Structure formats: structure tokens, C-alpha cells
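Here is a set of questions on how terms such as buried, exposed and salt bridge are applied to one protein. Each answer sets a value against a cut-off.

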Amino acid sequence: VNAVYNGTSWSTSPEGTVIVVNDDLQLNDNLNVCSCTVNPNKSLKVNSGVNLIVQNELVVAPTASVIIENNASLVQVNDNAANSGKITVRRNTTPVTRYDFTYWSSPVAAADWALRDLSPNTLADKYLSYNAAGNGWVTEMNGTAAMETGKGYIVRAPQQYSLTAPVIFETKFVGAPNNGVKKIDAKTGVTLKSNLIGNPYPSAISADKFYEANKGVIKGTFYFWTHNIAVSSTPDANGIYNYNPASYISYNATGATGSGDTNNCTTCGNNPTNKFKGNIASGQGFFVEGKSTGNIVFNNAMRVTQTAGNGQFYRNSNPNATQSSENGEGEEMVTHKNRLSLNITT
């Protein structure tokens, strides 16, 4: 029996059923359904911090809308589910100034979304990808390139932004939601290569599960850009204004380093506890190092279903976001990691 929403109530309990949105609906609580259809001229909005978990397909009529708000998630379970229609995924950064870069990836199909769509007012030569084989940045001039699935990009803030007064940058992705198995080539060579990749889904993924599935082709440490340290105020000998590499944080199976230089952080409240907690947010680009030839694989088993699991996006507007998990009975669990400390002295 389908659960139909008529604008005020459901025809039957929607949990675990095939749901049909027949009038505008806002989700304020997590919902796990078999499949979801949004009828013409109707809207479904998943509010911040809420998960819509769809076991199979999502069908969005051409004149309907599905909006995944900032820090909300659309999680799909069946890798082979065939979606229809487009969604909108909204993402906010922390307050940024003109010279701040954010590392992005697209949660929607490459055919539907280009770099310039993400930030139309960014300077033409400030859309970049990374050439792993050549170990260097590539300018995606004018941002006309489609955002390839699973690939990471960096985009500078809009050119009209202040150099000194940071503001939140709000963006959105519009297109068919990525779902199922996605692959990107891991670049290797005589020396190991850095790969700028990104979460391809409109939900967070578990960094630990991602590594476990890919440990044959990548090394175990991931690098996230926070840009907590401002760009240099004076150019170097080549006339270049440099960014401080201490703004990267790293994460592996033992945990994470701090979020850049918190002593000089102007946007994180000087909070040294702002560490990566293990969920790679929707829209997040990051670096990994290739270990052997092969494909880096993403799949639905990596996607995060716990409440508020998509809230730690670097540069995210909530630097104190926390992570929790559930044991299937609604009770919070804490995941512990075993660590060994070793001091070496002469």
C-alpha cells in the first residue's frame, strides 16, 4: 500500500513504504522509505540535519522539486536503483573573503552541472582541478567544464567579496542525484601521486568505509583544506601570494589532526577541538595519495545514515558540528579507535 501525502497528513504510515508526495511536504524528521515519487508541481524539502533514506528509486516529475537543504541528506541504498528527474542540493561555506578557496565535488550528474554554475561570479581563472600525473594545478578557464563525478575541484570566492570582511557563501547543485557505484582512476607513477577527488553523493560518506573499500589503490590518509590561515599579505619572489599548507588537516584510521592553525584562525572561534570526525560531507573535495594502479570506487554502502551526519563540510558554517551514530534501536553509540603512542628518545 502506498503512503500518499495530501498536504496535511499521510494516508498511512510512510515509514518503510512506497511514498507519493501529492502536495508540498517539508521533512523535519528522518524518514526511511522503500521508494519516493514526487508528483507534478509539488515539492519535497528535506530540512537541515534530516535524512531521507530511500531504499530504491527516487522519481521526480519534470515540474516537481526536491530540495536537500544545507547539512541534510538524501541517502539511497540500492546501488542499481534508477532515479528519474532532478534535485537541488544546497551547500554553505564558512564566512569567506575574496581570496578563499573551497574544495568541492558535485553530488549531481556531470551532464547537469558545471563549475561556473556553482559560483558564477568567481574570477574566470580561479576554477581549478588537479593533474595528478603532472603533479600540478589545472586552470578550468571560465568554469565551463562539467564537474566530473567523483572528481575534486577548487573554486575561489566570488570576485565582488570583500578582502577583509568574510561572509557565508551559499551555493546549490541542480541535477540528477548521483547514486550507486562510481569510479575514478587512481593516478600512480614512479612516485606516488596525489589525487584530488570528492564525495559524489547528496549525503555524507564514511571515511573509514571508503578507505576499507579502496585500500588496495590508495594510502590511508586523507587531506582536507580548511584555509584557517589567511593568504600571505605580500608576494614571494615570483610575485605569487601563497597559501599556508598548515591549513590542511589530515585524517586516517587513527583519527585526525587539528583544523589548520587554530591559534591564528579567524573563522573557527579558535576552537582546537574542531577536528574531522570521520564523515566526508556531500559536496566535499579532498586529497588522497595513490598506491597502485586501479579505480577508486564509491558505493552506497559508504553512505552515512545517522542523524546530522552530513554537517561537517570544510569550510562549513558550523565549525562545532558533532557526529553520532545509532545502533538500530534509537540509542546513541560511541565508536572507539585503538591507538598506540610511541616516544623515541636518545
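Q: What makes a residue buried, partly exposed or exposed?
A: A residue is buried under 20% relative accessible area, exposed over 50%, and partly exposed in between. The model is predicted, and the values below are computed from it.

Q: Why is asparagine 71 called buried?
A: Its relative accessibility is 12%. The limit for buried is under 20%, so asparagine 71 counts as buried. Asparagine 71 sits in the loop between S9 and S10.

Q: What is notable about phi of asparagine 71?
A: The angle is near 70°, a positive value in a residue other than glycine. Most residues other than glycine have a negative phi.

Q: Why is asparagine 41 called exposed?
A: Asparagine 41 has 58% relative accessibility. Exposed means over 50%, so asparagine 41 counts as exposed. Asparagine 41 is placed in the loop between strand S5 (35-38) and strand S6 (43-46). Asparagine 41 also has a positive phi, about 65°, although it is not a glycine.

Q: How do you know that asparagine 70 counts as buried, and what does its side chain reach?
A: Asparagine 70 is at 10% relative accessibility, and with a cut-off of under 20% it therefore counts as buried. Its side chain reaches the backbone nitrogen of asparagine 92 at 3.0 Å. The limit for a polar contact is 3.5 Å between N or O atoms. Asparagine 70 lies in the loop between strand S9 (65-68) and strand S10 (73-76).

Q: What makes Ala207, Phe210 and Asn214 members of one side of helix H2?
A: These three residues are buried in helix H2 (residues 207-214). They cover an arc of only 65° around the axis, which puts them on the same side of H2. In general, an α-helix has 3.6 residues a turn, so residues three or four places apart point the same way.

Q: Why is the pair aspartate 112 and lysine 86 called a salt bridge?
A: The N to O distance between the side chains is 3.7 Å. The rule asks for a Lys or Arg side-chain nitrogen within 4 Å of an Asp or Glu carboxyl oxygen, so the pair qualifies. Aspartate 112 lies in the loop between strand S12 (101-104) and helix H1 (115-118), and lysine 86 in the loop between S10 and S11, so the pair ties together parts that are 26 residues apart in sequence.

Q: Are these two residues buried or exposed, or in between?
A: Aspartate 112 has a relative accessible area of 25%, and lysine 86 has 44%. Partly exposed is the range between 20% and 50%, so aspartate 112 is partly exposed, and so is lysine 86.

Q: Which class do the partners aspartate 125 and lysine 126 fall into?
A: Aspartate 125 is partly exposed, with a relative accessible area of 32%. Lysine 126 is at 17%; the limit for buried is under 20%, so lysine 126 is buried. Their closest N and O atoms are 2.9 Å apart, and the two form a salt bridge.

Q: How do you know that glutamate 289 and lysine 219 form a salt bridge?
A: Their closest N and O atoms are 3.7 Å apart, and the cut-off is within 4 Å, so the pair counts as a salt bridge. The pair links distant parts of the chain: glutamate 289 is in strand S24 (residues 285-289) and lysine 219 in the loop between H2 and strand S20 (222-225), 70 residues apart. Glutamate 289 is partly exposed at 23%, and lysine 219 is partly exposed at 35%.

Q: How many salt bridges does this rule give?
A: The count comes to 7. Lys45, Glu69 and Arg90 are linked in a network of salt bridges.

Q: Which residues of the largest nonpolar core touch the most other members?
A: Leu52 and Ile87 do, in a core of 39 residues. Strand S11 (residues 87-96) supplies the largest share of this core, 3 residues. Another core, of 19 residues, lies apart from it, and includes Ala186, Ile197, Ile218 and Phe286.

Note on methods. Residues are numbered from 1 along each chain as its sequence is written. This is a predicted model: local features need pLDDT of at least 70, side-chain atom pairs count only at pLDDT 80 or more; totals for chains, interfaces and linings use all residues. Side-chain values use heavy atoms; hydrogens and water are left out. A nonpolar core is a set of buried Ala, Val, Leu, Ile, Met, Phe, Trp, Tyr and Cys residues joined through side-chain atoms within 4.5 Å. Buried means under 20% relative accessible area, exposed over 50%, partly exposed in between (1.4 Å probe, protein chains only). Helices (H or I, at least four residues) and strands (E, at least two) are DSSP runs, numbered from the N terminus. A polar contact is a pair of N or O atoms within 3.5 Å; within protein, one must be able to donate a hydrogen and the other to accept it, and residues adjacent in sequence count only if both atoms are side-chain atoms. The arc is that of the directions from the helix axis to the C-beta atoms.
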